Amino acid sequence: MKIIRAIEQKKPEFRAVYVETLMELMESNPNVVNLDADLVGASGAAKLFKKYESRCINMGISEANMIGAAAGMSLTGKIPFIHTFAPFATRRVMDQLYMSGVYSNSNIKIYGSDPGFWAIHNGGTHTTMEDLALTRALANITILAPSDATQFKWCIKKAADTYGVFYIRAGRKSFVDLYDSSSQFELGKGIILEQGKNVVIYAIGEMVAEAYKAREILLKEGIEVAIVDMFSIKPFDEKIVKEMSQGKSLVITAENHSKYGGLGSAVAEVLAENAMSTPLRRIAVQDRFSEVGTADYLQKVLKIDANAIVEVIQSSLKTD
Amino acid sequence: MNKENTVRFAKEIRLETAKMLMMRGFGHLGGSFSIVETLAVLYNDIMNINPSDPKSEDRDWFVLSKGHAGPALYATLALKGYFPKDWLMTLNDNGTRLPSHPDRLRTPGVDCTTGSLGQGSSQAVGVAKSFQMDNKPNRVYTIIGDGELNEGQVWEAFQFAAHQKLDNLIVFIDENHKQLDGLTKDIINPFDIRLKMEAFGFNAMRVDGNDVEAIYNAIQKAFLVKEKPSVIVLDTIKGQGVEYFEKMFDNHHIRFAGESEMMLKDAIEILEKEVSE
């Protein structure tokens, strides 16, 4: 695994990365097909639909059929990439994901866009805080939550090259750039981005950048924070959690997801199963729904931003 | 088609299905028996198959969307030589390769995993779309239950099939008029299924699902229709082929004991005689 921290903040939109990467994949592999459920305007895939008309299918607003049909196509050798919003790619189609997807060992690649607070003005109805909890419970699936554009691109390519069901969750807008474009990753391997002796933060997606912001603030107070990008939710890097949690005063998880069933739960399982006594605090959506609002506003009210991380670390270290 | 042959094949399928259920002591008899004639026509007279190479690329695909009729499919596949006939006696055994609902990873000849109702329809349209994209001649056949029409997903799949002009797809709807809890018309009335399917953009026919010749002829007609998927609504009887079970009201899943066990034994004896003639 070769990781180069990027210095520039290029911020390409994730949806642009999705389309650009699929453009490359469709060019090089005639089996790659693209399916969307009446959200081509949202994913920006119109360019793909124009260039590869016969290999791009608008399935209409019928996500259950989209998952099932994609599974059927994959059994004949196609590699279907599917896009819809994260709640409809998971919550709405759980049974299709199960039977036509993982249980059948089909080969489908799902981009669930705008998970968590990224639903912004679509509001609570379109928000999923449960997608990782739901998909983690499935056997025979790979779940990825990339934290920057380079990593997202790698995830898409890896999905194309690896047989099986992939669920990739990410917003459509830009995230902060973390990795140089030549960075390489591995399935099931977390990435140690920063070392720090007091606290370790395991973060995914957009929350990696929030962890960085928190780290800067805490450094001024003499608190040293390590940061690990856990983009590979399944397979999960248990080894890195064990190693990095060892000797710390506090373990933090940070995710744009419910505190139940996602990254926080995965880390808690590792700590508990290895009898590690380091206290754990989960920066995640508490047991509540979301609402409409801007991303900044929602991150604040859902308490999943840098400030929330700082506050939890400060108060936890104080009481300890 | 050689009608006599196909009628005999149907009897063999029904016999083997009955023997499996007898051995197990319970099972989905009603919906297995109602599709026997259709399976006989498909596997005897219609489909391009290669039992010694179940995954051959040029094969036609079959999706049993009403997966609970798995035993009838297993009987058909075994008789065609996809796997040894003695496997049939392992239905639902611990560790079996023949689970109650078809599993493509366990059983040679099973193209798609089904059982959660509605999902086979989508897999079938996906497979058909794939062949259409590649201009391949493979055809796709799927059997959907009339009770299964309760599931919204099948209507999503039907809209897709018609919109995509999947003329390589033939959908069979097994209208045996019953679902687990009773008559379809009393639970969620499907009304006129053929008319519905026509309105959905299908070339839609309705035939006596007990008549192998009628089924065969309808399929031949479907082959002539271009740029439209076809549907053949099968007018069948749940428990078809054995009068006692046809008349039994709750015949979706039967536990064979007392009278029903005796009647199944009788049916097996009669079918054995007919098949050996």
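How many residue pairs are in polar contact between chain A and chain B? In this predicted model, the count is 13 residue pairs, with both residues at pLDDT 80 or more. The legends below begin with this interface and then turn to the domains of chain A and to single residues.

**Figure 1. The contact between chain A and chain B in the predicted model.** Chain A gives 24 residues to this contact, and chain B gives 27 residues. About 2,000 Å² of area is buried between chain A and chain B, and carbon and sulfur atoms account for 57% of that area. Three residues, Asn65(A), Leu75(A) and Met99(A), provide 27% of the area that chain A buries against chain B, more than any other three residues. The size of an interface is often given in this way, as the accessible area lost when the parts come together.

**Figure 2. The salt bridge and polar contacts between chain A and chain B.** One salt bridge is counted between the two chains. The side chain of Lys78(A) meets that of Asp134(B) in a salt bridge, at 2.7 Å from N to O. The polar contacts between chain A and chain B number 13 residue pairs. On the side of chain A that touches chain B, the elements giving two or more residues are α4 (63-75) and α6 (94-103) of chain A. Helix α4(A) contributes the largest share of this side, with eight residues. By class, the side of chain A that touches chain B consists of 10 nonpolar, 11 polar and three charged residues.

**Figure 3. The two domains of chain A and the contact between them.** The domain assignment divides chain A into domain 1 (3-179) and domain 2 (191-319). A distance of 25 Å separates the C-alpha centres of domain 1 and domain 2 of chain A. Domain 1 of chain A brings 35 residues to the contact, and domain 2 of chain A brings 36 residues. The area buried between these domains is about 2,700 Å², and 63% of it comes from carbon and sulfur atoms.

**Figure 4. The salt bridge and polar contacts between the domains of chain A.** One salt bridge is found across the interface of domain 1 and domain 2 of chain A. Arg136(A) and Glu269(A) form a salt bridge in which the closest N and O atoms are 2.8 Å apart. The interface of domain 1 and domain 2 of chain A also has 20 residue pairs in polar contact, with both residues at pLDDT 80 or more. The elements that give two or more residues to the side of domain 1 that touches domain 2 are α7 (131-136), β5 (141-144) and α8 (149-161) of chain A. The residues of this side of domain 1 of chain A comprise 21 nonpolar, nine polar and five charged.

**Figure 5. The surroundings of Asp111(B).** Asp111(B) is located in the loop between α4 and α5 of chain B. Asp111(B) counts as buried because its relative accessibility is 7%, under the 20% limit. The side chain of Asp111(B) reaches the backbone nitrogen of Phe62(B) at 3.0 Å. Apart from neighbours within four places in sequence, the contacts of Asp111(B) are Leu75(A), Arg59(B), Asp60(B), Trp61(B), Phe62(B) and Arg104(B).

**Figure 6. Ala162(B) in helix α6 of chain B.** This helix spans residues 152-163 of chain B. With a relative accessibility of 16%, Ala162(B) is classed as buried. Apart from neighbours within four places in sequence, Ala162(B) is in contact with Phe200(B), Gly201(B), Phe202(B) and Pro229(B). The C-alpha atoms of Ala162(B) and Lys228(B) are 6.0 Å apart, although these residues are separated by 66 residues along the chain.

**Figure 7. Backbone features in loops of chain A and chain B.** Most residues other than glycine have a negative phi, and most peptide bonds are trans. The peptide bond from Lys234(A) to Pro235(A) is cis, with omega near 0°. Pro235(A) is placed in the loop between β10 (232-234) and α10 (238-245) of chain A. Ile120(A), a residue other than glycine, has a positive phi near 30°, and Ile120(A) lies in the loop between β4 (109-113) and α7 of chain A. Asn92(B) is not a glycine, yet its phi is positive at about 60°. Asn92(B) belongs to the loop between α4 (70-80) and α5 (119-133) of chain B, and its relative accessible area of 31% makes Asn92(B) partly exposed.

Note on methods: Residues numbered from 1 in each chain as written. Chains lettered and ligands numbered in written order. Predicted model: local features only at pLDDT ≥ 70, side-chain atom pairs only at ≥ 80, totals over all residues. Heavy atoms only, no water. Contact = heavy atoms within 4.5 Å. Buried area = accessible area lost by both parts, 1.4 Å probe. Salt bridge = Lys/Arg side-chain N within 4 Å of Asp/Glu carboxyl O. Polar contact = N/O pair within 3.5 Å; in protein donor to acceptor, adjacent residues only side chain to side chain. Helix = DSSP H or I, 4+ residues; strand = E, 2+ residues; numbered from the N terminus. Nonpolar A, V, L, I, M, F, W, Y, C, P; charged D, E, K, R; others polar. Buried < 20%, exposed > 50% of the residue type's maximum accessible area, 1.4 Å probe, protein only. Domains from an automatic or database assignment.
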